[in-house]
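Trainee: I would like a close look at one part of this model, the salt bridges and what surrounds them. Please take me through it step by step.

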Amino acid sequence: MINLDIPGFAKLEIEHLVLDYNGTLALDGNLLPGVGKLILELSEDVKLHVLTADTLGQCEEELSGLPVTIHIISGSPEDKSKLDYIESLGPEKCACIGNGRNDMLMLKNAALGIIISGAECMSMKAARAADLVATDISSALGVFTHPVRLLTTLRN
C-alpha cells in the first residue's frame, strides 16, 4: 500500500493501481520500454490491474510474466465498464492511469486519477477528470516510486 497525506488534497491509501493499456502502457499494442521493470518494482507495494478493450490483441502476450491482473472489457460504454471495475475494488483505494475518453469515469472517481499525454495523445474530456497530467508512463509511475512528487504537485 502507498500512504501519503497531501495537505489540501487528500489522504491517499492506495492499494490498487489500475492502468489502461493502449496509449498508456503501450504504443500500437507494444509495451513501452522500461514499463515492465517499473511494474515489477511497484508490485511490491500495490496490486496492479490492466483494463483494456485490447484493440490490437497484444495485451496478454506483452504483459506475460508480469504481476498484473488483466481485465479485457467488452461492450459499450467502455468508460462505464472501467468504472464498474474500480468500484468493485473500492475507488477510494485506487489510483488510475489512462489517456482515452473511455478512461474518464475511472480517472474522475478514483482516489487519484492520472492522464498520460503521450504519443497517442489524450482525451480532453478525460484530462478534465484527472488530478494530474503526465507526459509519459514512466513519469506517471514515478510518482508512486517517489511519492514526494505527488506531495509537491498536489498540495495546497
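Mentor: Start with the count: the model, which is predicted, has three salt bridges. In general, side chains of opposite charge can pair when their charged atoms come close. Take the pairs one at a time.

The pair to begin with is K82 and D20. Their closest N and O atoms are 2.9 Å apart. K82 sits in helix 3, residues 78-89, and D20 sits in strand 3, so this salt bridge ties together parts that lie 62 residues apart in sequence. Neither end is out in the open: K82 and D20 are both buried.

K82 has another partner. Its side chain also meets that of D103 in a salt bridge, at 2.5 Å from N to O. D103 belongs to the loop between strand 8 and helix 4 (104-109), while K82 is in helix 3, so here the parts tied together are 21 residues apart in sequence. D103 is buried, as is K82. Through shared partners, D20, K82 and D103 join into one network of salt bridges.

The remaining pair is D84 with K80. The closest N and O atoms are 2.6 Å apart. Both residues are in helix 3, four residues apart, so about one helical turn separates them. The setting is partly exposed at each end. D84 has 35% relative accessibility, which puts it in the partly exposed class. K80, at 38%, is partly exposed too.

Now follow D20 back into its strand. Strand 3 covers residues 16-20, and five of its five residues are buried. In a regular strand the side chains alternate between the two faces of the sheet. Here both faces are covered. H16, V18 and D20 are buried on one side, and L17 and L19 are buried on the other. The D20 end of the salt bridge to K82 thus belongs to a strand that is mostly covered.

Next, the neighbours of strand 3. Strand 6, residues 47-52, pairs with strand 3 in the parallel sense, over five bridges. Within strand 6, L48 stands opposite L17. Strand 8, residues 94-98, also pairs with strand 3 in the parallel sense, over four bridges. There, C94 is the bridge partner of H16.

Step back to the sheet. It is open, has six strands, and runs in the order 7-6-3-8-9-10, with parallel pairing. Strand 7 (68-72) and strand 10 (132-134) are at the edges; each has a single partner strand, so one side of each lacks a neighbour in the sheet. From one strand to the next, the twist averages 20°. Toward the strand 10 edge, strand 9 and strand 10 pair in the parallel sense over three bridges. I116 stands opposite A134 in strand 10.

Two loop residues deserve a check. Most residues other than glycine have a negative phi. D54 departs from that, with a positive phi near 50°. D54 is in the loop between strand 6 and helix 2 (59-62). Its relative accessible area is 16%, so D54 counts as buried. C121 also has a positive phi, near 70°, and is not a glycine. C121 lies in the loop between strand 9 (112-116) and helix 5 (124-129).

Finish with the helices. Two packed helices are described by the angle between their axes and the distance between the axes. Helix 1, residues 35-42, packs with helix 6 at an angle of about 20°, and the axes are 11 Å apart. That angle makes the two helices roughly parallel. The crossing of helix 1 past helix 6 is left-handed.

Helix 6 itself spans residues 137-145, and its buried residues are I137, A140, L141, G142, V143 and F144. D136 caps the N-terminal end of helix 6. One of the side-chain oxygens of D136 lies 3.1 Å from the backbone nitrogen of S138.

Return to the part you asked about. Keep two settings in mind. One is the network of D20, K82 and D103, where K82 and D20 are buried and D103 is buried as well. The other is the pair D84 and K80 within helix 3, with D84 partly exposed and K80 partly exposed.

Notes: Residues numbered from 1 in each chain as written. Predicted model: local features only at pLDDT ≥ 70, side-chain atom pairs only at ≥ 80, totals over all residues. Heavy atoms only, no water. Buried < 20%, exposed > 50% of the residue type's maximum accessible area, 1.4 Å probe, protein only. Pairing = 2+ DSSP bridges. Polar contact = N/O pair within 3.5 Å; in protein donor to acceptor, adjacent residues only side chain to side chain. Salt bridge = Lys/Arg side-chain N within 4 Å of Asp/Glu carboxyl O. Axes fitted to C-alpha atoms, helices over the stretch in contact; angles between N-to-C directions. Parallel < 35°, antiparallel > 145°, perpendicular 65-115°, else oblique. Left-handed = near helix turned anticlockwise from the far one by under 90°.
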